[in-house]
Amino acid sequence: MNVSKHFTIISAICRVALASPSEALLFQIERLQKALEEGGLTPESKSLRALLMKAERSSEMAPRKLVPSRARSLPGEVLLPSTHLPADKETGARLVEVIFPDQLSTELPIFPDEFVRAMTQVVNEWRNGEELSKLGILPTSSCLLVGPPGTGKTSLAYWLAGQLGLPVVLARIDAMMSSFLGTSARNIAQVFSFANRFRCILVLDEFDSLAKMRDDPNEVGEIKRVVNALLQNLDNRKDSGVTIGITNHPKLLDTAVWRRFSAQIEVPLPDFKTRLVIAKLYSQPLEISEPELKFIAALLDGCSGAEIEDFLIAYKKRCVLPPAAPSPLAALRDIATLNSGRLSSPLRAVLFQSDTELMGWLRHNDYFELSLSDTSKIVRKGKSTVSRKTK
Ligand SMILES: Nc1ncnc2c1ncn2[C@@H]1O[C@H](COP(=O)(O)OP(=O)(O)OP(=O)(O)O)[C@@H](O)[C@H]1O
Ligand SMILES: [Mg+2]
């Protein structure tokens, strides 16, 4: 095909597409521009270059609130919305996502008090890295967040970054894995060299995909290359910035990778007190009574924050949509039936025992003790009935 002859059409397509540019599009147009240049089609290549530069300029002008960084000791250039992000050479798929500080939540997920204190300590270290360095002490520059699914690990990593006023460079290990031999290791190197160049927090999420790959006997050579690339890059990153790794299954992670992180933080499943605060948070804007919330928090023993959120959403729907439930207990039984997989068998049994037995349980159990009046509100029976049946 004679490219020059049809170039006006090609250029028009590029111009229209660049009205809402994505990283993959920019990458492909840049590839075309380079191919034209190498093919000696200089005017066409220059014309595409001009279109690309115009698109970059207009995205640079996109408004973004600047949040001052509080981690002054970190080196590197400032990441901008217009910064070109690394992409897989074969597919053009983006390898990282950037989340700027003004998009990061300032709310710490709900955790037990001692855990919050430990996290505040990590933030303090990072904020005061310069003072520590003067004393010859290096602040913790890498940590691994480990814990069951839905416990708030990713949210915690974003909060930590937000506390430092730095953007997150989010790299999912599975996005870096390529079906092309050798490309995964090259992708890892690309991601690290990008993160090392800019002032940012590198978040390596879903480390578990490494383990999935290990189950496949065809991948033995490739997984070795990937682990080696990770080890090498983690070692080199030590002085360049903060890295947070996230995994659900620490045991499946190569021990050499695991050891590279100077802090290993276990994000726990919430205890009763924490479940109560999480349930209260997600009960809003409805005003669900404290005894009801306590009952819910007790029933959800063993659930993650994300599961508590889902349960509360379902419960709120049940509370506001007709037909009205005859009592909070009846509403809870309906929702528990729909979420039976979330409740442990003993606690499901508690909920579905006879009303008399349940009233006795509400008055005295391992989690809380309700007054006569609160128990009567949950089961919608008179106080005298509750008193008689729970003697
Ligand atoms: N401790 C918590 N406090 C408040 N909300 C929470 C908590 N844990 C989880 N959530 C809710 O669940 C959502 C999912 O949490 P998040 O993605 O951070 O969990 P995760 O541990 O990274 O899960 P996964 O292992 O599946 O990636 C959060 O956006 C939040 O709404
Ligand atoms: Mg996560």
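This is a chat about a predicted model of a protein chain with a ligand.

User: Before we start, what should I know about how things are numbered?

Analyst: Residues count from 1 along each chain as its sequence is written, while chains are lettered from A and ligands numbered from 1 in the order in which they are written. The model is predicted: local features need pLDDT of at least 70 and side-chain atom pairs count only at pLDDT 80 or more, while totals for chains, interfaces and linings use all residues.

User: Cool. Which domains is the protein chain divided into?

Analyst: Domain 1 (3-60), domain 2 (96-266) and domain 3 (272-389). Those bounds come from an automatic or database domain assignment. The C-alpha centres of domain 1 and domain 2 lie 35 Å apart.

User: And the ligand? Which residues come nearest to ligand 1?

Analyst: Pro-109, Gly-152, Thr-154, Gly-305 and Ala-306 come nearest, out of 15 residues around ligand 1. A residue counts as near if its C-beta atom, placed from the backbone, lies within 6 Å of the molecule or strand. Helix 6 (153-164) and helix 14 (305-320) are the elements giving two or more residues to this shell. Helices here are DSSP runs of H or I with at least four residues, strands are E runs of at least two, and both are numbered from the N terminus.

User: Which domains does the shell around ligand 1 draw at least three residues from?

Analyst: Domain 2 and domain 3, with at least three residues from each.

User: What's the mix of classes in that shell?

Analyst: Six nonpolar, seven polar and two charged residues. Here Ala, Val, Leu, Ile, Met, Phe, Trp, Tyr, Cys and Pro count as nonpolar, Asp, Glu, Lys and Arg as charged, and the others, Gly among them, as polar.

User: Switching topic: what's the strand order in the open sheet?

Analyst: The six strands run 1-3-4-5-2-6, with mixed pairing. Strand 1 (96-99) and strand 6 are the edges, each with a single partner strand, so one side of each has no neighbour in the sheet. From one strand to the next, the twist averages 20°. Two strands pair if DSSP finds at least two bridges between them.

User: What holds paired strands together, in general?

Analyst: Strands of a sheet pair through backbone hydrogen bonds, either parallel or antiparallel.

User: OK, strand 2. Which residues stand opposite each other there?

Analyst: Strand 2 (residues 142-146) pairs with strand 5 (residues 242-247) in the parallel sense over five bridges, and Cys-143 stands opposite Ile-244. Strand 2 also pairs with strand 6 (residues 263-266), again parallel, over four bridges, and there Val-146 faces Glu-266.

User: Why is strand 2 largely enclosed?

Analyst: Four of its five residues are buried, so strand 2 is largely enclosed by the rest of the structure. Buried means 20 or more other C-beta atoms within 10 Å of a residue's own, exposed means 12 or fewer, and partly exposed is in between; the C-beta atoms are placed from the backbone.

User: What about strand 4? How many bridges does it have with strand 5?

Analyst: Four, in the parallel sense, with strand 4 covering residues 201-205. Leu-202 of strand 4 sits opposite Thr-243 in strand 5. Helix 8 (residues 183-197) packs on the sheet and touches strand 1, strand 3 (168-172) and strand 4, and its direction makes about 175° with that of strand 3. Contact means C-beta atoms, placed from the backbone, within 7 Å. Axes are lines fitted to C-alpha atoms, for helices over the stretch in contact, and angles run from 0 to 180 degrees between N-to-C directions.

User: Now the odd backbone bits. Where are the cis peptide bonds?

Analyst: One joins Gln-284 and Pro-285, with omega about 5°; Pro-285 is in the loop between helix 12 (272-283) and helix 13 (290-299). Another runs from Pro-322 to Pro-323, with omega near -5°, and Pro-323 lies in the loop between helix 14 and helix 15 (328-338).

User: I also spotted Glu-206 and Arg-380. What are their phi values?

Analyst: Glu-206 has a positive phi of about 55° although it is not a glycine, and Arg-380, also not a glycine, has phi near 50°. Glu-206 is in the loop between strand 4 and helix 9 (208-214), whereas Arg-380 is in the loop between helix 18 (372-379) and helix 19 (383-389).

User: Is Arg-380 buried or exposed?

Analyst: Exposed, with 12 other C-beta atoms within 10 Å. Glu-206 counts as partly exposed, with 17 C-beta neighbours inside 10 Å.

Methods
Two residues are in contact if their C-beta atoms, placed from the backbone, lie within 7 Å.
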